[in-house]
Amino acid sequence: MGLFTSRQKKKELRAAKIDDAFNRVYTQIEGIDNWNDPKKLEHYILDSCEQIIASTKAMERQKMEYRIVTRYLNDIKTIENLPKDKAKDLRTTAARICELEQNLINARAIQRNITEEQFEVISDDEQDMPEIINRFSSDEIYQAKLKRNLGYLEGEKSRWEIEREELKEQVKLFRRMAIVIMVSFMTLLILLFTMYNASKTDISGWVLAVLFICAVSGFIVFLRQNKIAKDNKVAIVHLNQAISMLNVERMKYVNVRNSVEYSKDKYHVRSAAELQYVWEQYQDKVRDQQRYIENNEDLEFYSSKLERLLGSLGLADDKIWLNQVNALIDRQDMADCRHRLVMRRKKIRDRLEDHRKLVQEERDEIDRLMANHEHYLPEIQEIIKSVDKLCGTSSSIKKDA
């Protein structure tokens with residue numbers, strides 16, 4: 001690591017010196033007015049040097065990537081050649097991680113028919129919910145019973161009110177009948193006395209008959225009115241009883257209705273049956289959350305175990321396999337991964353070859369220009385040497401020699 005750092009610092013220092021030389025030469029070239037002057041070739045040479053440096057830097061990046069890909073391929077080879085016991089332990093742990101991850105995905109996908117507001121309210125009353133549901137259900141049953149009682153008592157009240165009205169009508173009717181009988185009796189008596197005064201006829205028999213009829217009629221009317229009075233008293237008693245019971249039942253109904261409405265509003269349900277369903281959904285969601293926590297804890301445990309197992313194998317990069325767990329289980333996935341890395345390394349080699357050719361072409365062009373023209377700024381020679389040293393290039397002329 002120290003040697004690599006030292007080399008890196010030397011490269012950076014050398015690159016800084018080259019930059020200074022570039023700046024000095026560019027400053028002198030900027031004063032050239034006649035571009036037919038050979039000095040303009042120095043500008044082109046500097047551009048070529050910059051292109052060589054840029055291509056060399058790109059090659060360094062490609063080489064770094066090539067080394068990384070190669071390390072990944074070596075890691076795959078190490079994993080595939082593990083002893084059976086280690087390979088089995090690794091696959092078992094990876095399979096357990098995949099299973100737990102799928103469980104977490106499935107747990108997040110589960111949707112329960114309970115709102116967040118309902119969940120929070122029920123969680124506050126979790127211990128008492130069975131009793132609350134039973135009381136809610138009992139209140140609903142009692143409310144229905146009271147509603148039926150109210151309907152029955154309303155009917156009884158109406159029946160006795162109608163009975164009283166009918167009795168009142170009968171009282172009026174018999175009063176009119178009594179008046180008619182009295183008027184008829186008086187009229188007959190007047191007629192009889194008129195006949196007696198006119199003809200001196202004996203009317204005692206007729207008078208007795210009229211008196212008898214009048215007495216019988218009056219007695220019948222009296223009996224009927226007495227019966228109506230008794231029935232009216234009975235109707236009043238029953239009506240008062242119906243009204244009293246109706247008021248009591250109404251108070252009970254109002255109280256139980258308020259209790260039912262309170263439960264409906266508090267838990268946002270329409271009935272005790274729906275509250276029972278929501279309570280079951282709540283229990284399912286609590287169990288889902290508990291399973292999620294347990295799976296998450298197990299996932300952390302097995303992930304740590306997998307990390308230790310991979311760390312013990314001496315891999316170049318053991319962290320990357322934590323995100324490639326399927327490849328540790330499925331041979332086909334591992335083969336696909338190796339194939340992708342091989343193809344990627346081939347493309348890197350092709351790019352490296354392209355950059356190498358480009359650098360050599362630029363360097364050969366510099367040699368050609370240097371051979372055709374002898375007069376250059378001293379810094380140009382210094383820059384070319386520094387570029388050769390920095391980028392590892394060399395003159396093709398020297399090679400031929």
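The following paragraphs lead through the structure from its overall composition to its cores, its aromatic groups and a few single residues.

The model is a predicted one. Its chain has 11 helices and 0 strands, so that the order of elements from the N terminus on reads α-α-α-α-α-α-α-α-α-α-α. Of the 401 residues in the chain, 29% are buried. The accessible surface of the chain amounts to about 26500 Å², and carbon and sulfur atoms contribute 54% of that surface. Among contacts with a separation of 6 or more, 82% are made by residues 24 or more positions apart.

The interior may be considered next. The largest nonpolar core comprises 30 residues, and Trp321 and Leu328 are the residues with the most contacts inside it. Two or more residues of this core come from each of helix H2 (39-80), helix H3 (84-109), H7, helix H8 (325-329) and helix H9 (331-372). Leu328 illustrates how residues from several parts of the chain meet: leaving aside neighbours within four places in sequence, Leu328 is in contact with Ile79, Leu90, Arg91, Ala94, Leu306, Trp321 and Met334. Another core, of 16 residues, lies apart from the largest one; Phe136, Tyr267, Leu275 and Val278 are among its members.

The aromatic residues offer a further view of the structure, which holds 3 aromatic pairs. One of them joins Phe119 and Tyr282, whose ring centres are 4.8 Å apart and whose planes meet at 45°, a tilted arrangement. This pair links distant parts of the chain, as Phe119 belongs to helix H4 (residues 116-124) and Tyr282 to helix H7, with their positions 163 residues apart. Both Phe119 and Tyr282 are buried. Tyr282 also pairs with Trp279: because the ring centres lie 5.6 Å apart and the planes stand at 15°, this pair counts as stacked. The two residues of the stacked pair, Trp279 and Tyr282, are 3 residues apart in helix H7, which means that about one helical turn separates them. Trp279 is buried, as is Tyr282. Taken together, Phe119, Trp279 and Tyr282 make up one aromatic cluster.

Charged side chains also lie over aromatic rings. Lys285 is placed over the face of Phe119, at 5.0 Å from the ring centre, and Phe119 is also a member of the aromatic cluster just described. Elsewhere, Arg159 lies over the face of Trp160, at 4.5 Å from the ring centre.

Helix H7 (residues 272-311) contains Asp288 as well. Is Asp288 buried or exposed? Its relative accessibility is 8%, and because a residue under 20% is classed as buried, Asp288 counts as buried. Not counting residues up to four places away in sequence, Asp288 touches Ile110 and Arg112.

Two cysteines complete the account. The structure holds 0 disulfides. Cys98 has a relative accessibility of 18% and therefore counts as buried. Cys337, with a relative accessible area of 10%, is buried too.

Notes
Residues numbered from 1 in each chain as written. Predicted model: local features only at pLDDT ≥ 70, side-chain atom pairs only at ≥ 80, totals over all residues. Heavy atoms only, no water. Helix = DSSP H or I, 4+ residues; strand = E, 2+ residues; numbered from the N terminus. Buried < 20%, exposed > 50% of the residue type's maximum accessible area, 1.4 Å probe, protein only. Contact = heavy atoms within 4.5 Å. Core = buried A, V, L, I, M, F, W, Y, C linked by side-chain atoms within 4.5 Å. Areas by Shrake-Rupley, 256 points an atom, 1.4 Å probe, with all protein chains shown as cover. Phe/Tyr/Trp six-rings, centres within 6.5 Å; stacked < 30°, edge-to-face > 60°. Lys NZ or Arg CZ within 6 Å of the ring centre and 35° of its normal. Disulfide = S-S within 2.5 Å.
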